Structure formats: C-alpha cells, structure tokens
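Me: Please take a close look at one unusual spot in this model for me. After that, lead me outward from it through the rest, as you would with a colleague at the bench.

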Amino acid sequence: MSFSWIAALRFLREGRLQTVLIVGGVAVGVAVMVFLSALIDGLQVSLIKQTLGSQAHIVIRAPDDAARPLIDRSQQTLTSLVEQPAQRLRTIANWPKVMATARGVPGVLAVSPTVSGAGFASRGSADKAVVLRGVDPESYSAIIPVDQKLQSGRFELGGNQTVVGTELASALGVAVGDKVRLSNAQGESELFDITGVFDLQNKEINQRWVFVSLRSAQTLLNLAGDVSAVELTVVKIFDAEKIAVEVGQRSGLVADSWMKLNGQLLIALQSQSSSSNMIQFFVILAVALGIASVLFVSVVQKSREIGILKAMGAQTNDVLKVFIIQGLLVGLVGSLFGVLLGAGMSEFFASLARNADGTPRFPIDVTAALVVRSTLIAAVTGVLAAYAPARRAARLDPAEVIRYG
Amino acid sequence: MVEPVLRLQGVTRDYGSSVVTRVLKGIDLEIHPGEFTALTGPSGSGKSTLLNLMGLLDRPTSGQVIVDGQDTGQFGDKQLATFRGRTVGFVFQFHHLIPAFTARENVYMPLLLDRGRVDREMLTRADELLASVGLSDRGGNRATDLSGGQQQRVALARALALQPKLVLADEPTGNLDTESADQVFDLLRQINQRERTAFIVVTHDPRLADRCDRIIRIVDGSIASDQTSAPAGPCRACGYGPCLRGSCMLSTDIPRAAKPAA
C-alpha cells in the first residue's frame, strides 16, 4: 500500500468521531437521493403506464379539413370572418401502405389499424352512447394489451362479436355470453355477442369503448374498407414525438404522439423531475460542504504532523492525495450506507402506499443504475469537496508549522 | 581534506516584506562527516532559522546551502523534498511522532515516502532501528502510548531510517527529565560514532553542549564563537584516544558531569 493510502486510512481511523459523523452525513444525503429518485421514477413510470395503458404511443390520422377563404388577406381594410368547416369523418383509404411505411421507421415496435366512430349500445330499454372501436385483436393487443386487461371472457372479435368495458357491462346489465345491440348515429343497428369484458383502469374508457371487428365497424360507420387511424407503439416511449414527426413526413398524414396529446402530463412529469433534481443538487451541495469542513478541521488539527511528514520527504502531491483519498473513502463508504438506508426507506414507503388489495400503489424500485449513479456522485463529491482542504494541507510550509504549530 | 557534509556560504535570511528583519546575517559554516556539533545561543538569535536552512526546510534569502556536495539552491521543490528525505534526518523537541501511526510505522515512514510502497525489507529495517535504540518490543505500540524518552528514541530511529549524512536535532532533550535526557543524548553520541553521521544539536543545556565535539554559538544572527573541543590527546578514560569527549568507547568509567541528586 502506498503512503497516501496508509496515511489517509490512519487519519480517518484516528479521527473516529469526525469520520463517523461525516460518513453519516454522506449516508443521509445519499439515502435522500436514492429514495427521492426511486420515488419519483416509480411515480412517473406508474403515471405513464396508466396513461399509455389506454392510449397508443402514436396515432396516424388524416389531416383535418381546413377553410380556404378566397380573400386576399393583405388588404387589411377588410374584416373577414373565416368559418371553420364542420369535420366529417376523415379516413385513410390506403392504410395497408401507410402501415408498411410506419413499420419502416426505426424505433416503431407495432402497428395496428383502427376504425372509430360514435354509436349507441342498447339492451332492452337501456341506451348508452359509446365509441365504436373496430380493431384487429391480434395486432391491436400490441398497441393496448386488452387481452391482458380482461376481467372475463376472451379478446375475440370474429363476425358479430364484441368486447365491452366493465362500466358499460354493468350499466347494461350484461356479461360474457349475452347479446347487445350496437347502432350508428343514423339508427342502423346490429346484434352482437359479448365475448369479453375489459377493465383498462380508466372509468371513461370502461364506460365508452366497445371493441368490434374492423369489418363490423366499417359496416356500421359506412367506411367501406377505409380505417380512421393507424396506431403505433414505439420501443422508447420518450422517442415518440421524434418518431411521430418522421412518420408524418413519410406518410404525408398527421401523426400525433402521446407526448403531444398529453402535454400537461409531460409538463407535470418534467417539473417533478426538475424539482427532484434540484432537491438532490442541494443535498449533494450540503454533503460536499460537510465533507470539506470536516477535512478542513482535520488539516488544521494535523498541520504539525503534515509538516513533519513533509520534512521527512513527503511530496506536495503525496499530501494532496492523503486528503483526496479521505474524501473519496468518506464518499464511497457513506454511499454504501446511504444506498442501504435509501432502499430501506423506499421499501417502507412502498409498504405504506398500497391499494385496497395490498398491491403497491406504484413501484419504488432501487435499480442497479440508481445505486451506481448515487455511488459515483457521492465519490466524485467527496473528491471535489476534499480538494480545497487537501490543497491547504499540501501547501503547508514545514518550517513554519513545526516551529509555530 | 574530506568533503564537508554541509557548507553554508554567506547565508542570509530575511523575514517580513514591509519591515524587513534580517534574522541571519551572512553565515559561513562547514560541517564535516562524523562531527557532533552543538548549536547554542539565546532565544531569538536565529538558531531555529539556521537549523531550518541547514535542514532544507527553508531557503536562504541569499547565499548557498551546499549539502553533500550539492548546491541545493538549484533544486526544485519536488527534488528538494526527495533530497531532504534522503540526506537529512530530523529530531524535534515536541510533537515528535505521528500519533495515528505505530512506533514501527513512524520509523519506516521516511523509507515509505522515498520508495512509494511498503515492502518486507522496510519492516526489517524498522525493527533493526528500533532495536538499535533499545525499543525492539515497542514496535506495535501507538506512538502516543510511549513515554517521552521512548518517543524521542523512536524519533531518532526514524531520523536514521534512510541513513542520512546529517541529523538535525532541535532541543532533542528539551522536555525530558534528566535521566531520559542523558539516555537520549548517549544514544545520539553512540550512533554518531558508529555510523559517522554528522549531528547538529540545538541545545540550551550547557552540560550537554559541553559533551559535543564542537560548539557554535549564534548571537544576533551571526556566529559569535565556534570552538572545537574534542581532546587532542589520548582519552582520559581509556588512555587510548582519541575518544570523543564525554563518551569513551572502551571504558565504562567515563568522567561525566555529576548528576544532580535525585
């Protein structure tokens, strides 16, 4: 072992109480970091999961109709009122080609066509306004895993079969095996067999959505082979906007990402992250100041010894290293305890925030990446914080400190 | 003539920037291998400043400090630190040892600083040195668990770790009781004669100064007197001589200054 390591270890051992206190300080700081990160990450993952549990990452649709007034706008003396046209149901006719285009964009995981429009579901005297969603169950399951969210039955949409939400099923008093009448806005209707009841953890959707086969929806909504949208999932959800832009450009249609459609959520997530980062930054700053002040005190206490070591041939760099190593060790050992403490806190918090059925309300995972990151930050903080005291020690003039102490 | 181990030529040292105080006013001095020199003088006379310059802990304002034939004014700080570690050993009056280390670690610290890492030979050498100062059983003790005299002996062993040509001792017996002081002084003497190491000992104690080969007296930053007091003739104790005054190598019947009654 080299001189600097031996001296650093001995000095830490000698100032036992100081060492314990500062390691404790680092541990608390790291614990806050770990806990806060795990909490915020868990919260965000759960929020995003909830949002994307009933939403495609990207939706490709036909552009809206736009009014094109035949007035020269440069003549500013005129007052013009441009009335927006009512939007008819726009469709994508060449959707197999659009799907092929979308599949070709890097980062796209799955593609599925959907038809949707307004309709009614009725049984006996009960009448409910619904959204008719014509999908291909196999490809659609890759967009929204309805097959995994079934309360009963199967996600099967052959012929005149339908899958409805839990809220709708109870409102109509139906279950798997029962029949329900679905009609369009014009009143044309057909009778469907309920093959499954889903619960997408969203009351609105559980009330409104009625899945039928692509062909049934096309018939009911008079779309004759067209679809109203092509829905996509992507590999990395935060790349969705970038991919949406590219898909839009390649297909010549409008592609909206979940990020654009959930601007509020995204802003909320971002401000959550930045406030958490800010708290962490100040915690690290406090830890750094703590390490620096303890080491400064140690330099002052040991200035004679440092002087004697220098008289015996210790180089400026040797002395510098002695204190840098102390900072590093304090950071590393502190983060070790801090990670354990933070994991414990996360575990405890997760045990408090539970659903009625005992499952955690959201996951608080202390991941390996988080542990590595916290340890690195603590170690770097230790080294940086030790730098100023270490320089002070390294600069001590042996002749002066030995004589005057 | 043997090359002196230390030569000072016209060495001055000023302190202060606005009000300049000249603490040393042109010192010329040669110390030869194996010489045992006492440095005396009233406090404030510049002894410690001179000692720091001789020990390469400080640089002169003007003049040359030539140690072991090397003009140290040419050295950079890093080179000077290494050279100092190898050539000069120090024994201080107070705060002798590093309390965080054991006696053995204190002794091999200069070796460690010189070589970079601990090896087996270093440990052996430390044990030998401890044995030579009569503390072979105390190697594992923390420095603070030793008595004052023992600490000073460990400090001496440490000063000798790299077999320096010159050992500087600043009042090495200053805060020891008479018995321990005598022990430590005898030890310095023994090592001086066995290893031919030059010693420069700052002391206020005329009794100890009297037992040195040479007494240099500093007053007001200049050498006031420089007496060589080694007996020219045969030793009074053994008759063979020239034993150095105060410690005959052969006879146990050494004429000494009478110890004060306990």
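Reply: Let's begin with Leu56(B). This is a predicted model, and in it Leu56(B) is buried because 23 other C-beta atoms lie within 10 Å of its own, where 20 or more are needed to count as buried. Its place in the chain is the loop between α1 (47-54) and β4 (62-67) of chain B. The backbone is what makes the residue stand out: phi of Leu56(B) is near 65°, a positive value in a residue other than glycine. Most residues other than glycine have a negative phi.

Chain A offers a good companion to set beside it. Asn222(A) has a positive phi too, near 55°, and is likewise a residue other than glycine. Asn222(A) also sits in a loop, here between α7 (214-220) and β9 (229-234) of chain A. What about its surroundings: is Asn222(A) buried or exposed? Asn222(A) is exposed, because just 12 other C-beta atoms lie within 10 Å and 12 or fewer is the cut-off for exposed.

Now back to chain B as a whole. The chain has 262 residues, of which 46% count as buried, and its secondary structure comes to seven helices and 10 strands. Take the contacts in chain B between residues at least 6 apart in sequence: 64% of them join residues at least 24 apart.

One sheet in this chain deserves a careful look. Six strands form an open sheet with mixed pairing, in the order β6-β7-β8-β3-β9-β10 (chain B). Its edges are β6 (88-91) and β10 (222-228) of chain B, each of which pairs on one side only. On average, and with direction ignored, neighbouring strands are turned by 20° against each other. At the β6(B) edge, four bridges link this strand to β7 (residues 166-170) of chain B, and the two run parallel. Within that pairing, Phe90(B) has Leu168(B) as its bridge partner. Helix α6 (residues 178-195) of chain B packs on the sheet, where it touches β3 (36-40), β7 and β8 (198-202) of chain B. The direction of α6(B) makes about 155° with that of β8(B).

Where do the two chains meet? The contact involves 21 residues of chain A and 25 residues of chain B. On the chain A side, α1, α11, α12 and α14 (398-404) each supply at least two residues, and α11(A) gives the largest share, with five. By class, this side of chain A has 10 nonpolar, four polar and seven charged residues.

From there it is a short step to helix α10 (residues 263-301) of chain A. Its 39 residues should span 57 Å at 1.5 Å a residue, and its end C-alpha atoms are indeed 57 Å apart, so the two values agree. Several of its residues are buried, among them Gln280(A), Gly290(A), Val294(A) and Ser298(A). The elements that cover the buried residues include α1 (3-14), α2 (16-52), α11 (303-311), α12 (316-352) and α13 (368-395) of chain A.

Of these partners, let's follow α13(A). α10(A) and α13(A) pack at an angle of about 35°, with their axes 8 Å apart, and their crossing is right-handed. Ile284(A), Val287(A) and Leu295(A) are among the residues that α10(A) brings to the contact, while α13(A) contributes residues including Leu384(A), Pro389(A) and Arg392(A). The contact divides into 15 nonpolar residues, two polar and one charged.

Let's finish with β9(A), the strand that follows the loop of Asn222(A). β9(A) is mostly covered, since five of its six residues are buried. It pairs with β1 (residues 58-61) of chain A in the antiparallel sense over four bridges, and Arg61(A) stands opposite Ala229(A) there. β2(A) is also antiparallel to β9(A), joined by six bridges, with Ser112(A) opposite Glu231(A).

Just before β2 (108-123) of chain A comes the loop that holds Val105(A). Val105(A) is buried, because 20 other C-beta atoms lie within 10 Å. The residues it touches are Ile243(A), Glu246(A), Val247(A) and Arg250(A), not counting those up to four places away in sequence. Val105(A) and Ile243(A) are 138 residues apart in sequence, yet 7.4 Å apart in space, C-alpha to C-alpha.

Notes. Residues numbered from 1 in each chain as written. Chains lettered and ligands numbered in written order. Predicted model: local features only at pLDDT ≥ 70, side-chain atom pairs only at ≥ 80, totals over all residues. Pairing = 2+ DSSP bridges. Axes fitted to C-alpha atoms, helices over the stretch in contact; angles between N-to-C directions. Contact = placed C-beta atoms within 7 Å. Expected span 1.5 Å × (residues − 1). Nonpolar A, V, L, I, M, F, W, Y, C, P; charged D, E, K, R; others polar. Left-handed = near helix turned anticlockwise from the far one by under 90°.
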